[in-house]
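I opened this chain to note how its strands are arranged and what surrounds a few chosen residues. My entries follow in the order in which I looked things up.

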Amino acid sequence: MAGFKNFTMIEFRAKFETVQERVARYASCTGQERRVVCVLSGVVVGVFILTIVLSMVTIRESNVTREEFESAYMKDSTLHILEKEGEVFMEMDSFEEGLVIVKLGGHLYNVVPGFITISNMTMHLKTIRAGDVQWKNNNIFELNQHIFSKVIISKEIPVPSYPEPGIYVKSYGYGINLIDVYYSSNDLVGMKLTGSVFVPSGKTSFTINMETEEVRVQHASQGFQGPYWSEDYEMVNITKYGFEMDTHQNSYDDTVYHHISRFVPIIII
């Protein structure tokens with residue numbers, strides 16, 4: 001069927017005229033003959049049309065490499081690999097979302113918060129072409145006129161039962177953010193990997209005293225004007241790979257944090 005693309009115009013016309021002849025023969029028949037010819041003609045026409053469609057699909061698929069086809073929508077197990085082998089890069093002092101880059105297996109991927117789905121715990125990683133990246137050194141590169149710096153992801157934990165440090169997905173009323181969570185003495189600290197219109201990336205988002213469970217969250221007006229620390233939050237749930245805090249002010253600021261290792265990555269081109 002793939003050979004259809006090699007038909008000459010003469011061959012194509014011959015096939016088409018063959019169909020016309022069968023239609024004409026049908027018109028000259030009556031009764032039982034007409035019914036038989038009708039069935040046979042319908043089969044021939046159907047096969048001919050199917051040949052055209054399948055040949056077009058074959059031609060289209062020949063333009064897509066096997067690597068692109070397999071990589072367009074690929075699922076791995078979980079993002080534990082990022083904690084073990086990956087590297088994380090971010091743009092400092094940015095008020096934009098989606099400017100977090102991870103390096104896995106020598107390839108760069110953009111973690112887009114808008115493509116993170118909490119309901120089924122999936123995270124889309126958009127492939128970045130190597131030719132679009134200009135490396136300054138091993139820790140800094142430029143992409144689309146944005147400068148990205150490597151983030152050191154801490155793995156130290158003072159008490160084994162405490163939440164794991166690392167990258168967390170923050171889900172709250174305003175959307176999805178990415179947070180670098182680490183320990184400073186006995187405090188659990190969250191640094192913003194993605195910014196918002198209020199607090200840019202690189203700033204501390206929260207601190208939690210693990211002994212008293214006292215929570216402080218940094219707020220500001222748009223453009224990081226008049227920043228202040230709010231203590232109107234309380235911890236309502238703490239697990240090994242997640243925690244949840246509520247505020248007494250409004251439900252929009254109620255926040256749930258999920259460790260990145262809980263997510264299944266989906267690689268997209």
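Entry 1, pairing around S17. I began with strand S16 (residues 242-247), which is joined to S17 by four bridges, the two strands running antiparallel. In this pairing I found Gly242 opposite His258 in S17. I keep in mind throughout that this is a predicted model.

I then looked at S9 and S17, which also run antiparallel and are joined by four bridges; here Tyr168 stands opposite His259 in S17. I asked myself how buried S17 is. I found that four of the five residues of S17 are buried, so the strand is largely enclosed by the rest of the structure.

Entry 2, Thr255. I placed Thr255 in strand S17, which covers residues 255-259. Is Thr255 buried or exposed? Its relative accessible area is 3%, and since buried means under 20%, I count Thr255 as buried because its value falls under that limit.

I next looked up what lies around Thr255, leaving aside its neighbours within four places in sequence, and found contacts with Lys170, Ser171, Tyr172, Phe243, Glu244 and Met245. A polar atom of the Thr255 side chain also lies 2.8 Å from the backbone oxygen of Asp253.

Entry 3, the sheet as a whole. I traced the strands outward and found an open sheet of nine, in the order S14-S13-S12-S11-S10-S9-S17-S16-S15, with antiparallel pairing. The edges are strand S14 (225-230) and strand S15 (233-239), each of which pairs on one side only. On average, and with direction ignored, neighbouring strands of this sheet are turned by 25° against each other.

Within the sheet I checked strand S9 (residues 166-172) against strand S10 (residues 175-184), and the two pair in the antiparallel sense over seven bridges. In that pairing Lys170 stands opposite Asn177 in S10; Lys170 is also one of the residues in contact with Thr255.

Entry 4, the nonpolar cores. Which residues touch the most other members of the largest nonpolar core? Of its 21 residues, they are Val111, Ile116, Met123, Leu125, Val169, Leu178 and Leu193. I listed the elements that give two or more residues to this core as strand S2 (87-90), strand S3 (100-104), strand S4 (107-117), strand S5 (122-128), S9 and S10.

I followed Leu193 further and, not counting residues up to four places away in sequence, found that Leu193 touches Met90, Val100, Val151, Ile167, Leu178, Ile179, Asp180 and Ser201. I also noted a second, separate core of 16 residues, which includes Tyr183, Met210, Val217 and Met235.

Entry 5, the end of the chain. I found Ile269 in the segment after strand S18 (264-268). With a relative accessibility of 61%, Ile269 counts as exposed. From C-alpha to C-alpha, Ile269 and Ile128 are 8.0 Å apart in space, although 141 residues separate them in sequence.

Entry 6, chain totals. I counted four helices and 18 strands in the secondary structure of the protein chain. Of its 269 residues, 36% count as buried, and the protein chain exposes about 15800 Å², of which carbon and sulfur atoms supply 53%. Looking at contacts between residues at least 6 apart in sequence, I noted that 50% join residues at least 24 apart.

How values were computed: Residues numbered from 1 in each chain as written. Predicted model: local features only at pLDDT ≥ 70, side-chain atom pairs only at ≥ 80, totals over all residues. Heavy atoms only, no water. Pairing = 2+ DSSP bridges. Axes fitted to C-alpha atoms, helices over the stretch in contact; angles between N-to-C directions. Buried < 20%, exposed > 50% of the residue type's maximum accessible area, 1.4 Å probe, protein only. Polar contact = N/O pair within 3.5 Å; in protein donor to acceptor, adjacent residues only side chain to side chain. Contact = heavy atoms within 4.5 Å. Core = buried A, V, L, I, M, F, W, Y, C linked by side-chain atoms within 4.5 Å. Areas by Shrake-Rupley, 256 points an atom, 1.4 Å probe, with all protein chains shown as cover.
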